[in-house]
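Hi everyone, thanks for coming. Let me put the sequence and the structure up, and then I'll talk you through some of the helix packing.

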Amino acid sequence: MNNQTHNKLSNNKLFNSMGIKGLVLIAALLWGLSFSILKDAITSLPIFWLLSLRFTIGIIFFGLLIIKRLKFLNRKNIIAGICMGSCLFGAYIFQTIGLDSTTPGKNAFLTTIYCVLVPFICFILYRTKLSKYHIMGAILCLIGIAFISIDEFNVNIGDILSLIGGLFFAFHIIVSTKVTKNEDPLLCVFVQMIVIAILCYITSLIIERDRITFDIQIKGWLQLLFLGIGPSALCLAFQGVGNKYLEPTTVSIILSTEAVFGVVFSIILGHEDLTFFSIIGFVLVFMAIIVTETKLSFLFQNKTSNKKIKQDEQEIPKE
């Protein structure tokens, strides 16, 4: 292989990698925007009914995206989807109910703590090793949560519910990793969405029966279409592509920016009044995520990159 061919292959690989990272970043952006859209939507629709319609739209759109794969749906995919959907149902319920009592920015940052929680849950369940970076990230996260949640020395119930939602998201990641091994992740996600929709419909019929309605204004339907097609279908598809072709740490870091996008869109759309303490809290939580996910490896990236370049040059055959 000559140098020109090697450079061409490297450039193609880099282009594909950047394109996939771009898709994951779009997912983070759409999820960040969804906090503000959802905040507005729950003022006119009951929460469980809204989630039911949202995931029904998502199922239809996602099903069309993977229609050729559906013939391969099997018992293992269904079991995996039920496990994943049960966890995600809890996550979305606590996240959405919490959003009703807090701001989209706080809700976004507090639920994103799943990045920090996952290593500790794995340690408790599977005795996986904890590093000093996990401990450091947890301490930063706890301090950040304190700054975000304590408003005039009162803890907001919406913030507590958002944190519980983050805990469920952490369990969802762990369960998904276990049950989708050797399975088609997109088929598992499809079943997962069906499970969430069914659980939301059942819950809505039990506690919101008198408030269920299809008499929804055009604005409401547009919000539901966005939430169903964007955050509930496209984002899951983009995340699935990222999980398959990128390193897990890379995907986690990119997706963690949804918290930043959540605050930015919340400010733009008038949902967020930033205070000095909340800014400190946001920065600390984001630092906790970066420390936990990267283990500060980027500080040593130049040395590693230079070493890798030298190794690659040695491996290229001379002609």
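Let's start with α8 and helix α9, which is residues 218–245: their axes come within 11 Å and cross at roughly 160°. Anything over 145 degrees counts as roughly antiparallel, so α8 is roughly antiparallel to α9. The crossing, as α8 passes α9, is right-handed. Who makes the contact? On the α8 side we have Leu186, Val189, Gln192 and Met193, and on the α9 side Ser232, Leu236 and Ala237. Sort the residues of that contact by class and you get 5 nonpolar, 2 polar and no charged.

Before I go on, please keep in mind that what you see is a predicted model. For the overall picture, the protein chain has 13 helices and 2 strands. Of its 319 residues, 47% are buried. And if you take the contacts in the chain with a separation of 6 or more, 89% of them come from residues 24 or more positions apart. 

Now stay with α8, but look at another partner. Helix α3, residues 75–99, packs against helix α8, residues 185–207, at an angle of about 50°, and the axes are 7 Å apart. Are these two parallel or oblique to each other? They're oblique, because of that angle. α3 also passes α8 in a right-handed crossing. The list of residues here is a long read, so I'll just pick some: from α3, they include Ile78, Met84, Leu88, Phe89 and Tyr92, and from α8, they include Leu187, Val191, Val195, Ile196 and Leu199. By class, the contact of α3 with α8 has 15 nonpolar, 6 polar and no charged residues. You may also spot Val189 and Gln192 of α8 in the contact with α3, and both turn up in the contact with α9 too.

Next pair: helix α4, residues 104–111, and helix α7, residues 157–179. Their axes come within 8 Å and cross at roughly 35°. This crossing is right-handed as well. From α4, Lys106, Asn107, Leu110 and Thr111 meet Asp159, Ser162, Leu163, Gly166 and Phe169 in α7. How many charged residues does the contact of α4 with α7 have? There are 2, along with 3 nonpolar and 4 polar ones.

Okay, let's zoom in on single residues. Phe35 sits in helix α1, which covers residues 3–41. Is Phe35 buried or exposed? Its relative accessibility is 4%, so Phe35 counts as buried. Around Phe35, leaving out residues up to four places away in sequence, the residues touched are Gln95, Leu99, Pro104, Asn107, Ala108, Thr111, Glu258 and Gly262. Take Asn107 from that list: Phe35 and Asn107 are 72 residues apart in sequence, yet 7.6 Å apart in space, C-alpha to C-alpha.

One of the residues touching Phe35 is Gln95, and Gln95 lies in helix α3. With a relative accessible area of 8%, Gln95 is buried. Among the residues that Gln95 touches are Phe35, Asn107, Thr111 and Phe169. Remember that Asn107 and Thr111 of α4, and Phe169 of α7, are part of the contact between those two helices.

A different case is Phe171, which has its place in helix α7. Phe171 is partly exposed, because its relative accessible area is 31%. Beyond residues up to four places away in sequence, Phe171 touches Cys87, Ile121 and Leu125. Phe171 and Leu88 are 83 residues apart in sequence and 8.5 Å apart in space, C-alpha to C-alpha.

Last stop, two helices on their own. Helix α5, residues 114–126, has 13 residues and reaches 17 Å from its first C-alpha to its last, close to the 18 Å expected at 1.5 Å a residue. Its buried residues are Tyr114, Cys115, Val116, Val118, Pro119, Ile121 and Cys122. After α5 comes Arg127, with a positive phi near 60°.

Helix α12, residues 276–294, has 19 residues and spans 27 Å from first C-alpha to last, close to the 27 Å expected at 1.5 Å a residue. The buried residues of α12 include Phe282, Leu284, Val285, Ile289 and Ile290, and also Glu293. And just after α12, Lys295 takes a positive phi of about 55°. That's my tour, thanks for listening!

Definitions and conventions: Residues numbered from 1 in each chain as written. Predicted model: local features only at pLDDT ≥ 70, side-chain atom pairs only at ≥ 80, totals over all residues. Heavy atoms only, no water. Axes fitted to C-alpha atoms, helices over the stretch in contact; angles between N-to-C directions. Helix = DSSP H or I, 4+ residues; strand = E, 2+ residues; numbered from the N terminus. Parallel < 35°, antiparallel > 145°, perpendicular 65-115°, else oblique. Left-handed = near helix turned anticlockwise from the far one by under 90°. Contact = heavy atoms within 4.5 Å. Nonpolar A, V, L, I, M, F, W, Y, C, P; charged D, E, K, R; others polar. Expected span 1.5 Å × (residues − 1). Buried < 20%, exposed > 50% of the residue type's maximum accessible area, 1.4 Å probe, protein only.
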